[in-house]
Amino acid sequence: MFDDFLFNVEYGMKHVLDINAYDHVLFLMVLTIPYLFRDWKRVLLLVSLFTLGHTLSLVLAAYDVVTVSGTLVEFLIPITILIAAIYNVFTAGKGAQKERVGVLFITTLFFGLIHGLGFAREFRMLSDDSDNKLALLLEFALGIEIAQIIIVFVVLFLGYLIQTIFRFSKRDWVMVISSVVIGLVIPMLLNSEFL
């Protein structure tokens, strides 16, 4: 029982930290770079909304409530990353990340739904062997959340180092990282089978 719990949590962590599926990491980077450590509550809320959306789409897929073309989802995932990165470019240094719960939070939840659909087929195969899909889902979501918090911490720490030791302005940090992510995402879009 405990071994299953650990396996499922670790599986969720590997889903996020898989170097071959770095789209999740890219999204978390562009979501996190506009913030500092003092904004940890807001960042945790954003990351948790992303996990909630991700988990909700897995529930809908596991119980066959929704099915979406894998090709479409694989196209939409880099679109979500591109939108978030472009948003950062246009709002860098303007304090847009301090706005009240609104477009950014709803968008993050929606993007979580899309990213979850990208893993739905694999999760469905995993959950077909399980007696308790809900427990499996919660354990998997816990692993996702732990991995996301690790990534967020690393991004916030790097941002702190770059902005304090190397004297990058926050605006420049956001612009550079967002531009790098845009450069990584465009080939993902161009190689999509959807186009």
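Okay, let's start with handedness: α4 and α7 cross in a left-handed way. One caveat before going on, which is that this is a predicted model.

So, that pair. We're talking about helix α4, residues 70-91, and helix α7, residues 170-190, whose axes come within 9 Å and cross at roughly 155 degrees. Anything over 145 degrees counts as roughly antiparallel, and therefore that's what α4 and α7 are to each other. Who's touching whom? On the α4 side you've got F75, P78, I79, I81, L82, A85, I86, N88 and V89, and they meet V174, M175, S178, V181, I182, V185, M188 and L189 from α7. Chemically, that contact between α4 and α7 comes out as 15 nonpolar residues and 2 polar ones, with no charged ones.

Hang on to I81, please. Which residues does I81 contact, once you leave aside its neighbours within four places in sequence? The list is D23, L26, F27, V30, H115, V181 and V185. V181 and V185 are also in the α7 half of the helix contact I just went through.

That takes us to the core. The largest nonpolar core has 47 residues, and the ones with the most contacts inside it are F27, L58, I81, F123, V181 and V185. Which elements give two or more residues to this core? Those are α2, at 23-32, plus α3, α4, α5, α6 and α7. The top contributor is α6, with 9 residues. And to tie that back, I81 has F27, V181 and V185 among its contacts, and those three are on the list of residues with the most contacts inside the core, as is I81.

While we're on the inside, a quick word on T108. T108 is in helix α5. Buried or exposed? Buried: the relative accessible area of T108 is 2%, and the cut-off for buried is under 20%. Skipping residues up to four places away in sequence, T108 touches L31, L46, L49 and F50.

Now over to α1, which has two partners I want to show.

Partner one is α5. Helix α1, residues 2-17, packs against helix α5, residues 103-128, at an angle of about 165 degrees, and the axes are 13 Å apart. That angle makes α1 roughly antiparallel to α5. The crossing here is right-handed. The residues making the contact are F7, Y11 and H15 from α1, with F119, E122 and L126 from α5. Split by class, the contact of α1 with α5 has 4 nonpolar residues, 1 polar and 1 charged.

Partner two is α6, residues 133-164. The axes of α1 and α6 come within 7 Å, crossing at roughly 45 degrees. So α1 is oblique to α6. This crossing is right-handed too. Bear with me for the list: from α1 there's D4, F5, N8, V9, Y11, G12, M13, H15, V16 and L17, and from α6 there's L136, E139, F140, L142, G143, I144, I146, A147, Q148, I150 and I151. The α1 and α6 contact divides into 14 nonpolar, 5 polar and 2 charged residues.

You'll have heard Y11 come up with α5 and again with α6. Y11 sits in helix α1. Leaving out anything up to four places away in sequence, Y11 touches F119, E122, L126 and F140. Y11 is partly exposed, because its relative accessible area is 22%. And if you want a distance, the C-alpha atoms of Y11 and T55 are separated by 14 Å, with the two positions 44 residues apart along the chain.

Last bit, backbone geometry. Most residues other than glycine have a negative phi. Where are the positive values I'd like to point out? One is D64, which isn't a glycine but has a phi of about 55 degrees. D64 lies in the loop between α3, 40-62, and α4. D64 counts as exposed because its relative accessibility is 55%. The other is R167, also not a glycine, with phi near 60 degrees. R167 is in the loop between α6 and α7. With 68% relative accessibility, R167 counts as exposed as well.

That's my tour; happy to go back to any of those helix pairs.

Definitions and conventions: Residues are numbered from 1 along each chain as its sequence is written. This is a predicted model: local features need pLDDT of at least 70, side-chain atom pairs count only at pLDDT 80 or more; totals for chains, interfaces and linings use all residues. Side-chain values use heavy atoms; hydrogens and water are left out. Axes are lines fitted to C-alpha atoms, for helices over the stretch in contact, and angles run from 0 to 180 degrees between N-to-C directions. Helices (H or I, at least four residues) and strands (E, at least two) are DSSP runs, numbered from the N terminus. Angles under 35 degrees count as roughly parallel, over 145 as roughly antiparallel, 65 to 115 as roughly perpendicular and the rest as oblique. A crossing is left-handed if the near helix is turned anticlockwise from the far one by less than a right angle, and right-handed if clockwise. Contact means heavy atoms within 4.5 Å. Ala, Val, Leu, Ile, Met, Phe, Trp, Tyr, Cys and Pro count as nonpolar, Asp, Glu, Lys and Arg as charged, and the others, Gly among them, as polar. Buried means under 20% relative accessible area, exposed over 50%, partly exposed in between (1.4 Å probe, protein chains only). A nonpolar core is a set of buried Ala, Val, Leu, Ile, Met, Phe, Trp, Tyr and Cys residues joined through side-chain atoms within 4.5 Å.
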